[in-house]
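Here is a short briefing to read alongside the sequence and the structure. It goes from one residue and its contacts to the cavities, then the cysteines and the overall fold.

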Amino acid sequence: MEGVFYTMTEVELRCSGQNLRKLPQPTELGSDTGQIIKYMDLSYNKISALDGIESYSSLETLILDCNRIGDDVEFPCCQSLTTISLNKNQIADLDHLLLNLKRMAPKLRFLSLLGNCACPHQLMGLNYDDSDYHRYRCYVIYCLPTLKFLDSTPVTRGEREEAALRGKFFQVVKPITLKTQTKSMRQDRKDLIPLPPAKLNLALHKGIYGACRYRYTGKNSEGNRFIRNHDL
């Protein structure tokens, strides 16, 4: 990789703080690199995609702290991966990440997500407390029962038992955003019949009816009080 400083031993690749925007490929490092590298530290870069990670067939530890990994990133199949550190990235959708890791990294034992919106740790702000983080840990352990270490502490026997018993009830259900709701309403309106053109004439005070979301339209009418917010 021209212009990039990295250190590589027999089984380790370290390339931190080099403003990388993508993963280094084995073809750039050596023909047999993909088969021998077991530890990779790419922290403090600008990586936002994981294309090519599957080329490292022996990779066991992947450090991606302080990068730009977001919810749109998909983990390719990494059968040998046991440790993933994603501290201080841009991950907000916990369910998407856990489902992806469960399918693509079945041997995962160590996971760290501190500093992401998906991890409600007190370090993220005063809006979170110990109970928020406890529920998060319980849910992650429930989704990834093979974990032995989560964030900064090991998984205890008590946490594992609680996760098996109550973990599924700790899923955080996010409210529908305005953008998602607007998109859904636009799709629903494709089959609706628009109101007659007379609606545009403000001189007409008659009510106008049509097969649409609006129950009533008119001027100076008490009927408008019964139109709900999601009808507008």
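Leaving aside residues up to four places away in sequence, Ile69 touches Ile47, Ser48, Ala49, Leu50, Leu86, Asn89, Gln90 and Ile91. Please keep in mind that this is a predicted model. Ile69 sits in the loop between strand 4 (61-63) and strand 5 (83-85).

**Ile69 and its surroundings**

- Ile69 has a relative accessible area of 2%, so this residue counts as buried.
- One of the residues it touches is Asn89; the C-alpha atoms of Ile69 and Asn89 are separated by 5.4 Å, although the two residues are 20 apart along the chain.
- Ile69 also helps to line the largest cavity, and so does one of its contacts, Ile91.

**The cavities**

- How many cavities of 30 Å³ or more are there? The count comes to two.
- The largest cavity has a volume of about 50 Å³.
- Its lining is made up of Ile69, Gly70, Asp71, Val73, Phe75, Ile91, Asp93, His96 and Leu97.
- Sorted by class, that lining of the largest cavity holds five nonpolar, two polar and two charged residues.
- The second largest cavity encloses about 40 Å³ of space.
- Around the second largest cavity you will find His134, Arg137, Cys138, Ile141, Glu159 and Glu162.
- Which elements each supply at least two residues of this second lining? They are helix 4 and helix 5 (157-166), with helix 4 giving the largest share, four residues.
- The lining of the second largest cavity has three charged residues, two nonpolar ones and one polar one.

**Arg137, a lining residue of the second largest cavity**

- Arg137 belongs to helix 4 (residues 130-143) and is among the residues that line the second largest cavity.
- Is Arg137 buried or exposed? Its relative accessibility is 4%, which is under the 20% limit, so Arg137 counts as buried.
- A polar atom of the Arg137 side chain lies 2.9 Å from the backbone oxygen of Leu150.
- Leu150 is also one of the contacts of Arg137, together with Thr153, Pro154, Val155 and Glu159, when residues up to four places away in sequence are not counted.
- Glu159 turns up twice here: it touches Arg137, and it lines the second largest cavity.

**The cysteines**

- A disulfide is a covalent bond between the sulfur atoms of two cysteines.
- Searching the whole structure gives zero disulfides.
- Why does Cys77 form none? Its closest cysteine sulfur, in Cys78, is 6.7 Å away, which is too far for a bond.
- Cys77 is partly exposed, because its relative accessibility is 38%.
- For Cys138, the closest cysteine sulfur is in Cys143 at 9.8 Å, so this pair is also too far for a bond.
- With a relative accessible area of 3%, Cys138 is buried, and Cys138 lines the second largest cavity.

**The protein as a whole**

- The protein has eight strands and six helices.
- Starting at the N terminus, the order of elements is β-β-α-α-β-β-β-α-β-α-β-β-α-α.
- The protein has 232 residues, and 36% of them count as buried.
- Taking contacts between residues at least 6 apart in sequence, 46% join residues at least 24 apart.

Key: Residues numbered from 1 in each chain as written. Predicted model: local features only at pLDDT ≥ 70, side-chain atom pairs only at ≥ 80, totals over all residues. Heavy atoms only, no water. Buried < 20%, exposed > 50% of the residue type's maximum accessible area, 1.4 Å probe, protein only. Polar contact = N/O pair within 3.5 Å; in protein donor to acceptor, adjacent residues only side chain to side chain. Contact = heavy atoms within 4.5 Å. Disulfide = S-S within 2.5 Å. 1 Å grid on protein atoms, 1.4 Å probe; cavity = no way out; pocket = protein on both sides within 12 Å on 5 of 7 lines; lining within 4 Å. Points joined across faces, edges and corners; volume = space filled by probe spheres on them. Nonpolar A, V, L, I, M, F, W, Y, C, P; charged D, E, K, R; others polar.
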